[in-house]
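Me: I should like to learn how to read the features of a structure that is new to me. Could we go through them one by one?

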Amino acid sequence: MTAIALPAVRTKRRRSRRLPVSARIAAGVIGLVVVAVLLAPVLAPHNPTQGQLGERLAGIGTAGHLLGTDGQGRDILSRLLYGGRLSLLSGLIPVLVAAVIGTLLGLLAGLGNRFTNGAVMRTLDVFYAFPAVLLAIAIAAALGSGASNAIVALSVILIPPIARIAETETARLRGADFMEAARASGARTSSIAIRQVLPNIAPAIVVYCTALIGLCIVYSAGLSYLGLGIAPPAPEWGVMISDLQQYTFTKPELLLMPALAILVASVAFNVLGDGLGSYFNVRQEVR
Amino acid sequence: MTLYLLKRLGSAIPILIGVSIVVFITIKIIPGDPVASLLGPTSSPQARAELTARLGLDQPLPIQYLSWGAHLFQGDLGDSIAKHVPVLSLVLDAFGNTLVLATFAAVVAFVLGILLGGVSALRRGRVSAAISNAISLFSISVPQYSIGLLLIIYLATGAGLFPTAGMYDPINGGGWGDLFLHLVLPGVTAALVPAGIIARMFRSCVIDVMSMDFIDAMRSRGLSELRILKHAFHNTLPTLMTIAGLQLGYLLGGVIFVETVFSWPGLGLLVYQSITQRDLPVIQAGVIVSALAFVVINVVVDVLQAAIDPRVRA
Amino acid sequence: MSQTVQEIPARVASAEALRVDDLAVSFAVHGGQVHAVRSVSFHVRAGQTLVLLGESGSGKSVTARAIMRLHGRRAKVTGRVELSGREVLALSDPDVRALRGSRIALVPQDPTAALDPLRRVGAQITEVLLLHRAAPDKKAAQARTRELLRAVGIPDPERAYRSFPHEMSGGMRQRVVIAMGISCDPDVIIADEPTTALDVTVQAQILDLFAELQGRLNTALLMVTHDVHVAADVADLVAVMYAGRIVETGPAADVLKTPRHPYTQALLDALPTPQTARGELHAIAGSPPVAGQEFPGCAFADRCTHALDTCRTAEPRLVEVAPGRRAACPVLNPTEAP
Ligand SMILES: Nc1ncnc2c1ncn2[C@@H]1O[C@H](COP(=O)(O)OP(=O)(O)OP(=O)(O)O)[C@@H](O)[C@H]1O
Ligand code: SF4
Ligand SMILES: [Mg+2]
């Protein structure tokens, strides 16, 4: 009983051509924040690390101190602007490092033989057994405080999820025609990885990493808040929260400033990640 | 089913060995000479060499690992540098308190997450869905330490509704009611991020299930929408179990910020205090205990999943 | 075993189970409406089998689902669907639900996907029986479920009752779904490509089962397929669909022997015969219309070997070309000018 071989009509899987409005707004917010922290020397009204004790704990809207001053009389707006540099960087760098290493591991596992795949994936499983935040804290604590140690710790915990996504996406391509064709033409695995696989798995990784930046900003500020990341007196949003925490009951609105800064940055990256996800038609959940 | 359970337990062993190796490595990457820091800077080279030999630090790394692992296996995690008591009892006490907080937070997160995710999946394209999406997105982005502080500001000190710190009232505290009052703020704070994640995962799971053919097939058999939803929910349970396990595990290790802000005497607070005192054995033990809990949770999740989904048992 | 309607007068005389009049379905999509189905009319009597035949995308499933009112809010359905005298499109939602599964049943294409993977097969059939009160209590429903499983030719009904869907073969699953379909003794069964997902040998068994059950239950059967062999096998009547319309309809034996529409002819020409060697299939030239494509004239004109210039301007109507037969091609069926 042969069916007549007729081509199937399928409506093309629709891919939204435009980035959703929410994601554009988020990208705009991120752009603004980046420009603001880059222009900190121009925009900041005061020195971020030197304060006047006479002006300590000035409220929001005080002349000369738009967002008030902290316990040592340092201008909060200036600290926010300068601090954003460190906070954004320490949110970005671990993601970039982890993206490179994680993608390489994922490609290795996805294109390698069963043994390579098993070795890489089982090792990653071990890292999955740790609560990520706590592992980062343990590593950072072992290495000692300091911005670079916090970045190392965060990179380590971000590698496994990225590698897992890269592996899944690569494995999905394994049977694809163009891969077979490339292999049949005698291309080396490394060149297949770069020319054929990487462009295809890139969207999923980019989407995931975008949202991960938001998470990483929260985590890195958290490490500083615990005294494990960037050390005072350097201005950094997590450090600022930890500084201002003692005035929770007297001047809560001051504490609100760095908290809001972290929140805005993190929400913006998450919204952008969501938008990119629907743009590239991939969906992933961070964590 | 028993076979499945045994297989699953067996597969957890290599993971646990891996975990111990990772922790061992973190001990080894600590910069500086541990002997020197134990004996102080003025100690003689002979004294240092002696202690090095006594601690086995002159042995090759694999041997060191094996002897460390043997201690670990017997529950000997060393003594706290700051408190001079065995680390294990310290960590287990704290872990119990964390378990209370994490469980409470997990329940809150679950109820909230399923509500938000369900609304956003089933009312797609409506205002209510957009609102729940926004809430979930917001809550996954929130830094716990700052939300916790804000809750303290407005609900604890502002409105005077809840206590701001600790687990029981020191003066006339104790009992379940007191515990509950103390749980509310840290619990809600800790629940926010997992609630958002659960909402988003549950949403896509519900959308997936609702677009499966058997849902439509049930419609074609005359089942009411309510009944179809019931069967659909049943089909989300395996995924929901996975999410639950992940989030409970995340909470066990991730409440450190919340515990710090609310002075909750759990593992997180203990680890935080140990950071300040550079009490590394405590930090290591904390990591090991929560990793162990995480592995156990995963086994439990897999077993529950097998109980719900006959395809997994096969 | 193809029979003509004439050979079974008893069935012809029986009541009209399903009548579809001028059915049209369109979907709201990004930037407009897609007309998936238009001016579809046919009727099936109890005991009769009507086959909806057409290529993928021709609108067969959309028609079937519209009859059961299964389309969601994005679909606009107009026309009339009369099920044993009730106007389905005018009923309230609860009334339609009461009909589905009891008066009209759907046997879907993929039985694997149509069953709840987490529940035992028996429980899923029992649920339908209880829902439509086809059994007085749970016990009776369970007993009836076992009976049904036996009736559809499942060798070990007791075991099947307790099985999960994934534990059965595709053919057995399709039998389960058929058992569910006949459970409440419906007036009409719609089978949407019930054999496409199955092995060739199993396909024949399932078609035989349909024939057997239908003979026993005197149900009207609306079978959807893209396979001319299936149509030849089971159909009393055929309706050939192209681009969302019926282009030719009539008794199966006549339509498949002497087609009166170029598209039906092309379908038949594309069949492999014992003479044609493998790979020498006469595929129909050109590609089928894309979803939502609109045509000023005959939708088949671009692929039709008989096409004239007039075909592209005026839309051909389905007209009677012989007693009981209708076709929508004025070129092959010229009428005397009035
Ligand atoms: N929900 C929908 N929204 C938009 N277009 C739809 C929808 N459902 C079906 N269509 C379109 O209607 C047309 C007819 O589809 P239908 O499923 O009826 O085809 P079919 O004849 O059953 O083909 P197949 O053999 O592939 O099952 C298709 O072009 C399809 O793209
Ligand atoms: S109307 Fe014209 S184009 Fe259409 S089928 Fe007939 S001959 Fe072909
Ligand atoms: Mg179809």
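Reply: The turns below take up the helices, a surface patch and a ligand site. This is a predicted model, in which local features need pLDDT of at least 70, side-chain atom pairs count only at pLDDT 80 or more, and totals for chains, interfaces and linings use all residues. Residues are numbered from 1 along each chain as its sequence is written, chains are lettered from A and ligands numbered from 1 in the order in which they are written, and side-chain values use heavy atoms, without hydrogens and water.

Me: How many helices and strands does chain A have?

Reply: Helices (H or I, at least four residues) and strands (E, at least two) are DSSP runs, numbered from the N terminus. Chain A has 10 helices and 0 strands.

Me: Which residues form the nonpolar patch on the surface?

Reply: A patch joins residues with over 30% relative accessible area (Shrake-Rupley, 1.4 Å probe, only the protein chains shown as cover) and no salt bridge (a Lys or Arg side-chain nitrogen within 4 Å of an Asp or Glu carboxyl oxygen); nonpolar side chains (Val, Leu, Ile, Met, Phe, Trp, Tyr) are joined within 5 Å, like charges within 9 Å. Here the patch consists of Val34(A), Val35(A), Leu38(A), Leu39(A), Val42(A) and Leu43(A), together about 530 Å² of accessible area. H1(A) gives the largest share, 3 residues, and Leu38(A) lies in that helix.

Me: Which residues are around ligand 2?

Reply: A residue counts if one of its heavy atoms lies within 4 Å of the molecule. Among them are His261(C), Cys298(C), Cys304(C) and His306(C).
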